[in-house]
Amino acid sequence: AEFGSSAWLRRAAVFMGVPGQAGEARLRWSVEDLARTPSRSDGVAEAEERSERFAACDFARDIVRGLFSDGGDSKDDICSKAQILACYYLQVFFMYRSLRQEDAKVVAAAAAFLACKVVDKPHQMRDVLRTNNQLRTQVGEAELGEEEQRSLRERILKLEFLLLRFIRFDFDIVLRPPQEEIETLASGLLARVAMSAAFRAECGAQSPVAAANALQQQLLRLAGMFLHDAFMGLGPVLFAPRTLAASALAFAVRYVRREMSFVELARLVEVVDSSLAEKSVNSAIEEIMNVFRAKSSVGQRAAKAPSGIAKASAPAKAAPQAASTAAPAASAKPPAPAGATAGAPRTGAPGISAAPQGGEAASTAMRASGAASEAAAAPPAAATAVSDRPAAGAPAPVAAAAHRETPPAVPSMTPARATAPVTAMAPPARSAAAPAPAATAASAAATALA
């Protein structure tokens, strides 16, 4: 009964002599590193990589929800934690491997499988395969046969072990600050917002302090949703948890009070806590916006895809999307978290609760609407062949080699609505520098989600 639990995994790490401490800095990259990810080195455009990562995270969340729905606890905080953990594992994986090396949906299933163990809610492999078949039949695809499921099972287990090596069996990675810290930061931010000239001008006869204090609960709820959605992007591997949480709070304030600009909110956050640099918060806000841009890109591709069932043997490669280079409009309203509308229907895997999950943005609204198209991106870097085996011990970026090990063919897990990734790999180029903030605040070209 204990097999596969976090306690069992910790004992396995001790038995194999793995330190069990990944280190916060070792699993964090800089903004400059994003131009040298394995996928970018393999010729995948930035916007395409973000879209594929988003779609895979969405699939991982569907898998987790499907697994938790069997026990009737799909709305528990543990389910929410498993979802963000699965998304984080997937983001880390593709900092070491290319989207051309592994099917992102298979990686998503492995990440979900591992995340459930780490939160002490392990599920058997047959449950994962059953949930995958439910997702396939939901979009009109045939269930996988016995031999296909066996092949898929073997690949998921291999990818799970590779993920464990990447994180060095560290199951205590902090992904978000304690709720008490977020509440303290929210109170301090609202106190500074009450003194903002733009905010006071919109209060009219109402006391600015009273108006700001009235936002406290709504702000915390929305910030939690935006923070949950942030794990579908690259923010968690670029910024410290406190910085990402602060950016989610600023995002929530901007959503409910349009007169407040991101630039001013980032400055106020630094006033509240000097360790939260204004430029870093602005950059983290931009990464949250990138999640909604990726969502829009995935939705547009799904809408243009031909009807019918895609063949597993020949997945269609999506055309590279261009990255946005335009400066953000200061007056536009940020997109709403999908969970902001109570009672929004969920159209995910069968057997999953129809209500939005507590503390998370439901994937239904994340797939529901479109956004402005992106501007032209820089040409992708040339591909470089590397070894498929990570370095012994720590899973540092692999070194270049003349031979590439091709992973065994597995049946496609990609539903018809999503674009299937292709295979190959290239090395990430890690920078020793701290995360470099982006130059601009979040763009207004994003979706207003229902």
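This passage describes the helices, the nonpolar core, the aromatic pairs and the cysteines of a predicted model.

The secondary structure of the chain consists of 16 helices and zero strands. The chain has 450 residues, of which 55% count as buried. Contacts between residues at least 6 apart in sequence were also examined, and 82% of these join residues at least 24 apart.

In soluble globular proteins, nonpolar side chains tend to be buried together. In this model the largest nonpolar core has 111 residues. Helix 4 supplies the largest share of this core, 14 residues. Tyr 89 and Ile 156 are the residues with the most contacts inside the core. When residues up to four places away in sequence are not counted, Ile 156 touches Val 106, Ala 109, Ala 110, Phe 113, Met 125 and Val 128. Two of these partners, Met 125 and Val 128, are among the buried residues of helix 6.

Helix 6 covers residues 125-138 and has 14 residues. From its first C-alpha to its last, helix 6 reaches 20 Å, close to the 20 Å expected at 1.5 Å a residue. The buried residues of helix 6 include the nonpolar Val 128, Leu 129 and Leu 135, but also Asp 127, Thr 131, Asn 132, Asn 133 and Arg 136. The buried residues of this helix pack against helix 3 (46-69), helix 5 (104-118) and helix 7. Helix 6 is followed by Gly 140, which has a positive phi, near 90°.

A pair of aromatic rings is described by the distance of the centres and the angle of the planes. The structure holds 11 aromatic pairs. In one of them, Phe 93 and Phe 166 lie 5.6 Å apart, centre to centre, with 55° between the planes, and the pair is tilted. Phe 93 belongs to helix 4 (residues 77-96) and Phe 166 to helix 7 (residues 146-166), so this pair ties together parts that are 73 residues apart in sequence. Both Phe 93 and Phe 166 are buried.

Phe 166 also pairs with Tyr 96. The ring centres of Tyr 96 and Phe 166 are 4.6 Å apart and the planes are at 25°; this pair counts as stacked because planes under 30 degrees apart are classed that way. The pair again links distant parts of the chain, with Tyr 96 in helix 4 and Phe 166 in helix 7, 70 residues apart. The relative accessible area is 1% for Tyr 96 and 0% for Phe 166, and each residue is buried. Through ring pairs, Phe 93, Tyr 96 and Phe 166 are linked with Trp 29 and Phe 94 into a cluster.

A ring is also involved in a contact with a charge. The charged end of Arg 254 sits over the ring of Phe 262, 5.6 Å from the ring centre.

A disulfide is a covalent bond between the sulfur atoms of two cysteines. The structure holds zero disulfides. For Cys 116, the closest cysteine sulfur is that of Cys 79, at 7.9 Å. This distance is too far for a bond, because a disulfide requires sulfur atoms within 2.5 Å. Cys 116 counts as buried, at 0% relative accessibility. Cys 203 counts as buried as well, at 10% relative accessibility, since the cut-off for a buried residue is under 20%.

Conventions:
Residues numbered from 1 in each chain as written. Predicted model: local features only at pLDDT ≥ 70, side-chain atom pairs only at ≥ 80, totals over all residues. Heavy atoms only, no water. Phe/Tyr/Trp six-rings, centres within 6.5 Å; stacked < 30°, edge-to-face > 60°. Helix = DSSP H or I, 4+ residues; strand = E, 2+ residues; numbered from the N terminus. Buried < 20%, exposed > 50% of the residue type's maximum accessible area, 1.4 Å probe, protein only. Lys NZ or Arg CZ within 6 Å of the ring centre and 35° of its normal. Expected span 1.5 Å × (residues − 1). Contact = heavy atoms within 4.5 Å. Core = buried A, V, L, I, M, F, W, Y, C linked by side-chain atoms within 4.5 Å.
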